[in-house]
Amino acid sequence: MPVTIDDLVDRIRGHRCYQHPIFEHWAEVRPESTVVGALFHQIRNFCDATRPGGKFPQALAMHKLSKESDLLQEIIESEENHAPELATMAGYIVNRAAGHTVFGDLYDQELVEQGLKEFSDRLLRNLPGYDPKTGLLAQTRRARAVFDGRQQVDRDSTLRNLGTALALEMISNRHLIPGEKTALVDAGHYGAELEDAEMHYLLEHWGEIGAEQQHEKNAVAAVGSVLNEQNEALVLEGVDAFLDSLVALWDVLDSALLTSGRPATELISA
């Protein structure tokens, strides 16, 4: 039987990434400020790679998928300029976790991001595959590399990119953003509220009227209108490439920084 969009949605919901406990562990452990900074450095860099559309909308249009191109372009335009807001939120939470001012200017994106990297270097630099220049784990680089396919315009790459887009938007809407709310707001460790000006990144993405809800709807519509028996294998490749790489990143961050109990050496391959 051909795979349907409902089958794909169920596949994503059934993947271990969808229910990964990293954010619950973050809420339970209440990590110190250096750990928070290291976590944000890796997560922020991963998120940065997911925003640019590259040649993806152009490729969709080139393959006569104009409606799908418009749906993906809406997502891409919605995500523009979110990097500074994410840096501000990260700096704000680090300050709250420390109980004193670590970052004096939360709106100086370069300053905050450099400080987050320094925390990451301090805690993670001895892990296999860590890149001292970028401060990125091997797993972070692999998760980012999934989105390199957006620079390709051939039909196979474009179909894989559609699968990746669906998995990304579902995970963002139903795991990543809710997880951040659990760890940063609901747990009460930082005295942060969604309405705080410095938390605008999370507020804008959270809930039924948040950006991620609409992004997921767009991705479901785009993939659902294209999916058929001839291209389902390529779409599935894109789904699995994203989910498998992100769950590997969550595993190593959870193990190395949040004491999940799983030995880091069992999870890391350079």
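**Two helix crossings and a cavity**

Guide: In this predicted model, the axes of helix α1 (residues 5-14) and α9 come within 10 Å and cross at roughly 55°. Residues are numbered from 1 along each chain as its sequence is written. Local features need pLDDT of at least 70, side-chain atom pairs count only at pLDDT 80 or more, and totals for chains, interfaces and linings use all residues, while side-chain values use heavy atoms and leave out hydrogens and water.

Visitor: Why is α1 called oblique to α9?

Guide: The angle is roughly 55°. Axes are lines fitted to C-alpha atoms, for helices over the stretch in contact, and angles run from 0 to 180 degrees between N-to-C directions. Under 35 degrees is roughly parallel, over 145 roughly antiparallel, 65 to 115 roughly perpendicular, and the rest oblique. Therefore α1 is oblique to α9.

Visitor: Which residues in α1 and α9 meet?

Guide: I5, L8, V9, I12 and R13 in α1 meet L166, A167, M170, I171 and R174 in α9. Contact means heavy atoms within 4.5 Å. By class, this contact has eight nonpolar, no polar and two charged residues. Ala, Val, Leu, Ile, Met, Phe, Trp, Tyr, Cys and Pro count as nonpolar; Asp, Glu, Lys and Arg as charged; the others, Gly among them, as polar.

Visitor: What makes α2 roughly parallel to α12?

Guide: Helix α2 (residues 22-29) and α12 pack at about 15°, with axes 10 Å apart. That angle makes α2 roughly parallel to α12. I22, F23 and H25 in α2 meet W250, L253 and D254 in α12. The classes here are four nonpolar, one polar and one charged.

Visitor: How many cavities of 30 Å³ or more are there?

Guide: The count comes to one. A cavity is a set of points, on a 1 Å grid over the protein atoms alone, where a 1.4 Å probe fits but cannot get out. About 200 Å³ of space lies in the largest cavity. Volume is the space filled by probe spheres set on the points, which are joined across faces, edges and corners.

Visitor: Which residues lie closest to the centre of the largest cavity?

Guide: Of the 20 lining residues, the closest are T50, E79, L168, S172 and E212. Lining residues have an atom within 4 Å of a point.

Visitor: Which element gives the most to that lining?

Guide: α9 does, with six residues. Helices are DSSP runs (H or I, at least four residues), numbered from the N terminus. By class, the lining has twelve nonpolar, three polar and five charged residues.

Terms used:
On a 1 Å grid over the protein atoms alone, a cavity is a set of points where a 1.4 Å probe fits but cannot get out, and a pocket is an open set with protein on both sides within 12 Å along at least five of seven lines; lining residues have an atom within 4 Å of a point.
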